[in-house]
Amino acid sequence: MYLSGVRTVRFTVSSSDDLSPETPAIAECATILHRGGLIAIPTETVYGLAANALDPAAVMRIFEAKGRPAWDPLIVHVSTFEMVPRVAAESPALAQNLAERFWPGPLTLLLPKSTRLPNAVTAGRATVAVRMPAHPVARALIAAADLPLAAPSANRFGRISPTTADHVLSELDGRIDAVLDAGATEVGVESTVLDPLRTPPLLLRPGGVTREQIEAVVGPVELYSPPTHAPEPEALASPGPAVRHYAPTARLVLLDGERDALLKAARDYVGSEGERGNYVGIMAPDGWIDETTLAAGGIVLFASGAWKDWAQLGRNLFAGLRYLDKPGVSVILCPLPSAEGMGLALRDRLVRAARTVIQYRQ
Ligand code: TXA
Ligand code: MG
């Protein structure tokens, strides 16, 4: 089915459409999945690159299309609780509590793997990461195909996660069979990945469900920080968080401080970069950039939303990084959110996207 250079078909649907299994876009995508093909699907977080999780050849194609190393395991997506035993051997009580509270939604839980699930999905690990997405289109497709779907974010390995079908096509056109286009995603950053099998539970990747929300259900969780001098990926609690990711081509400069720090950095960088004929990209919260800064020229702005509304900034973050990362822009300036609520996930993505963490203080 998948061949390098295949034409990638775009199916367009809307969450408010009839999404029954007979709907042509859903039915065709289900058929492609049954034949072992790859489809980029919308979820509430980011677009995922989906294949039948139970088909080892289809799973291998995901790794090939993304250029993803075989040691980085995939998340399996289900549409009902009944589907979980097809991929996981058991669901301990704590995991069950969390699933009942947060599914469908952006929480991924590690569970003991079922022997029926191909080893490639979990990169040979004994656990499988499972989530039930909230996006009606994702759920309709999983239900119509009646298959658990393995799906990492639909970007080339190490790049910025896609929040629109156009983002997907910009990196994967001709490498996947189809993209199911349901418009921009709602949350904008990926799911929270939690290992509930450890005591205390280990938060492997902050995301759409906040640490505070999880702790309200299960008590304190521990925040995973991967070793800086990583041993073998196989030896890590989770390999994904240990690698540089979400990287724009331009240099990303993170500002630890608020509006004044951003304006000062803008002046400094416009001065030094402007001399070399370069532009400075700015992820600018609403109302932060004043007339003087604008009038000085040399900047490209992306309006990221209301500061401290981390959910809104999260929805715009990846689209903003992509927008600002254009030829001629050598530096992108971005203020760092605080670590509360969804801010924790935004900080995580930004710190991992920055080539070096330059915290520019006033
Ligand atoms: O929101 C999301 O989670 C999106 C959408 C498409 O569902 N998916 C996503 O997948 O972000 P991906 O592959 O880009 O990130 C999955 C992360 C990686 O960091 C991976 O290392 C980790 O989860 N992971 C997956 N299975 C694991 C396992 N068994 N043990 C430890 N970490 C695991
Ligand atoms: Mg990813």
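## The sheet

Welcome to this predicted model, in which 11 strands make up an open sheet with mixed pairing, in the order 1-8-2-3-7-4-6-5-9-10-11. At its edges lie strand 1 (9-12) and strand 11 (222-223), each pairing on one side only. Strands here are DSSP runs of E with at least two residues, and two of them pair if DSSP finds at least two bridges between them.

Strand 3 (residues 48-52) and strand 7 (residues 149-150) run antiparallel and are joined by two bridges. A51 stands opposite A150 in strand 7.

## A helix on the sheet

Helix 1 (residues 24-34) packs on the sheet and touches strand 1, strand 2 (39-41), strand 3, strand 7 and strand 8 (178-181). Contact means heavy atoms within 4.5 Å. The direction of helix 1 makes about 140 degrees with that of strand 1; angles run from 0 to 180 degrees between N-to-C directions, and axes are lines fitted to C-alpha atoms, for helices over the stretch in contact.

## Two helices that cross

Helices are DSSP runs of H or I with at least four residues. The axes of helix 3 (residues 93-102) and helix 6 (residues 211-218) come within 10 Å and cross at roughly 125 degrees. Helix 3 and helix 6 are therefore oblique to each other (under 35 degrees counts as roughly parallel, over 145 as roughly antiparallel, 65 to 115 as roughly perpendicular and the rest as oblique).

Helix 3 contributes L94, L98, R101 and F102 to the contact, and helix 6 contributes Q213, I214, V217 and V218.

## Reading notes

Residues are numbered from 1 along each chain as its sequence is written, while chains are lettered from A and ligands numbered from 1 in the order in which they are written. Local features need pLDDT of at least 70, side-chain atom pairs count only at pLDDT 80 or more, and totals for chains, interfaces and linings use all residues, while side-chain values use heavy atoms, leaving out hydrogens and water.
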